[in-house]
Amino acid sequence: MTDHSASEARSFLPPYLLERLASSGSAHQRECARQTLLADGRFRARAGSTALPQGSARRGEPVRFVHSAEQRQVLPGRLVRREGQGESGDPAVDEAYQGLGATYRLFWEVYERHSIDDDGMALLATVHYGRDYENAFWDGRQMVFGDGDGELFNRFTIAPDIIAHELTHGVIQHEAALAYAGQSGALNESLCDVFGSLVRQRELGQSVDQADWLIGKGLFTERVAGRALRSMARPGTAYDDPLLGRDPQPDHMEAFVVTEADHGGVHINSGIPNHAFHLVAMALGGHAWERAGRIWYDTLVDRRLNQDSDFVTFAALTHDNAERRYGAASREATAVREGWRRVGVSP
C-alpha cells in the first residue's frame, strides 16, 4: 500500500462547466464560478500541516467527524457532529455524516477494507465551505463540500454518490495513486464514479436493473435541463442545457477526446471505462457491488496497477482478476472481456 497524500486536490465538478459559467452566466453565476475556480486553483494537499484525529482500531467501526466552515474558506472549521452523535438538524451536516458511513460500509462489509487507508483512518468532512462555493473535493486528508449557488447547483452533500466519489479518491491515493492526467486520470475519475454509484445502489438495495446509473443526481436545480452530472449507462446524455452545454462524455474509444484541458480530459473520457463497468454489471445481473464491483476492487488494489496505467492495462487487469477469482471460462470473465470490447478496448 502506498500513501501519496501529497497529491493534488480532486474536485467533483469539472472545470469546463465552471469556465463556461464564468464566461456566459448571469452576473451572480459568473461571480460564483470565478470564485470557485479561484479557490480550486489554490488547493493542494495539506499533508502534515495538522495532526489527523485518531481513527478506529476496531475493524468494522468507522470514526466520523463533520465540521462546518460557516461560509468561510477555512479547514476543518467548527466540529458539529462526531461519531455516535445524533442528527444535528442541518441537512448538509447530516448528509455528510450518512454519506461517510455509507461509503465505509460498502468498503468494509463487501470488500473488508477498513476505511480509506485500510487501517481505520478517521473520516473527516467540512460542509458550508465558502460562500456559494460550487464544488466538492478531497484534499488528500478530508472531504470538503460547498453549498452551491442555489440557482444552478444545490448543496454538494445532496447525493451520496458525490460523497463516495470523493472518498474513493482517497482510497486510490493509498493504493495505485493513478496519475491525474490523460487515461490514468480518467481511470481515477471512473473508479470514483463506479464506487460512488455502488454506494448509492447498495444503500437503496437496488439491482442493476433498478439503478439509474446517474452520478450527481439532485445536484442540478430545476433550472438546469439535465438529470445529473454524468450517466454511466449512457455517457453523453446526462444533461443538455442552454447555459451549461451538452454532456461531453464519449462512450467508446472512437469518440475519445484529445484535449489539454481538464488534465487531459479526465472528467470527459472517464465515460468510456464507466460504460464498460455498466455493461459488465448488466451482463452479470443482480447487485453490481457483488461480482462486477468485486472485480473492479480487486483491480484497484492490484499491485500491478501502476500510476500511469492506461485503459488497455486496466482492462487487462480486470479480465485477469475475473479469471483468477471466478475461472477462465466463467461468466464473469466473459462479461468483462465483452464489456471492454464493446467500448473499443481490448483487454
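**Exercise 1. Place His128 in its surroundings and describe its backbone.**

Step 1: His128 is buried, with a relative accessible area of 14%; buried means under 20% relative accessible area, exposed over 50%, and partly exposed in between, with a 1.4 Å probe and protein chains only.

Step 2: The chain position of His128 is the loop between strand 4 (123–127) and strand 5 (136–138). Helices (H or I, at least four residues) and strands (E, at least two) are DSSP runs, numbered from the N terminus.

Step 3: The phi angle of His128 is near 55°, a positive value in a residue other than glycine.

A word on the model before going on. This is a predicted model, in which local features need pLDDT of at least 70 and side-chain atom pairs count only at pLDDT 80 or more, while totals for chains, interfaces and linings use all residues. Residues are numbered from 1 along each chain as its sequence is written, and side-chain values use heavy atoms, with hydrogens and water left out.

**Exercise 2. Repeat the analysis for His263, then look at a cis peptide bond.**

Step 1: His263 also has phi near 55°, a positive value in a residue other than glycine.

Step 2: His263 sits in helix 6 (residues 262–265).

Step 3: With 35% relative accessibility, His263 counts as partly exposed.

Step 4: Turn to the peptide bond from Leu75 to Pro76, which is cis, with omega near 0°. Pro76 is placed in the loop between strand 2 (64–68) and strand 3 (78–82).

**Exercise 3. Characterise the cavities.**

Step 1: How many cavities of 30 Å³ or more does a search of the whole structure find? The search finds two. On a 1 Å grid over the protein atoms alone, a cavity is a set of points where a 1.4 Å probe fits but cannot get out, and lining residues have an atom within 4 Å of a point. Grid points are joined across faces, edges and corners, and a volume is the space filled by probe spheres set on the points.

Step 2: The largest cavity has a volume of about 70 Å³. Its lining includes Leu100, Tyr104, Phe107 and Val171.

Step 3: Helix 3 (91–110) and helix 4 (160–174) each supply at least two residues of the lining of the largest cavity. Helix 3 gives the most, with four residues.

Step 4: By residue class, the lining of the largest cavity has seven nonpolar, two polar and no charged residues. Here Ala, Val, Leu, Ile, Met, Phe, Trp, Tyr, Cys and Pro count as nonpolar, Asp, Glu, Lys and Arg as charged, and the others, Gly among them, as polar.

Step 5: The second largest cavity has a volume of about 30 Å³. Among the residues that line the second largest cavity are His287, Glu290 and Arg291. The lining of the second largest cavity divides into four nonpolar, two polar and two charged residues.

**Exercise 4. Find the hubs of the largest nonpolar core.**

Step 1: The largest nonpolar core has 87 residues, and those touching the most other members are Tyr111, Phe145, Phe195, Leu198, Phe277, Trp296 and Trp340. Helix 3 gives the most to this core, with 10 residues. A nonpolar core is a set of buried Ala, Val, Leu, Ile, Met, Phe, Trp, Tyr and Cys residues joined through side-chain atoms within 4.5 Å.

Step 2: Leaving aside neighbours within four places in sequence, the contacts of Trp340 include Pro273, Trp296, Phe314 and Pro347; contact means heavy atoms within 4.5 Å.

Step 3: There is also a second, separate core of seven residues, which includes Ala9, Ala69, Phe137 and Val144.

Step 4: As background, in soluble globular proteins, nonpolar side chains tend to be buried together.

**Exercise 5. Compare sequence and spatial separation for Tyr180 and Leu317.**

Step 1: Tyr180 lies in the loop between helix 4 and helix 5 (182–204). Tyr180 is buried, at 10% relative accessible area.

Step 2: Tyr180 and Arg223 are 43 residues apart along the chain, with their C-alpha atoms separated by 32 Å. Beyond its neighbours within four places in sequence, Tyr180 is in contact with residues including Arg10, His169, Glu189 and His263.

Step 3: Leu317 lies in helix 9 (residues 311–326) and is buried, with a relative accessible area of 7%.

Step 4: Leu317 and Asp302 are 15 residues apart in sequence and 8.1 Å apart in space, C-alpha to C-alpha. Leaving aside neighbours within four places in sequence, Leu317 is in contact with Thr299, Asp302, Arg304 and Leu305.

Key:
On a 1 Å grid over the protein atoms alone, a cavity is a set of points where a 1.4 Å probe fits but cannot get out, and a pocket is an open set with protein on both sides within 12 Å along at least five of seven lines; lining residues have an atom within 4 Å of a point.
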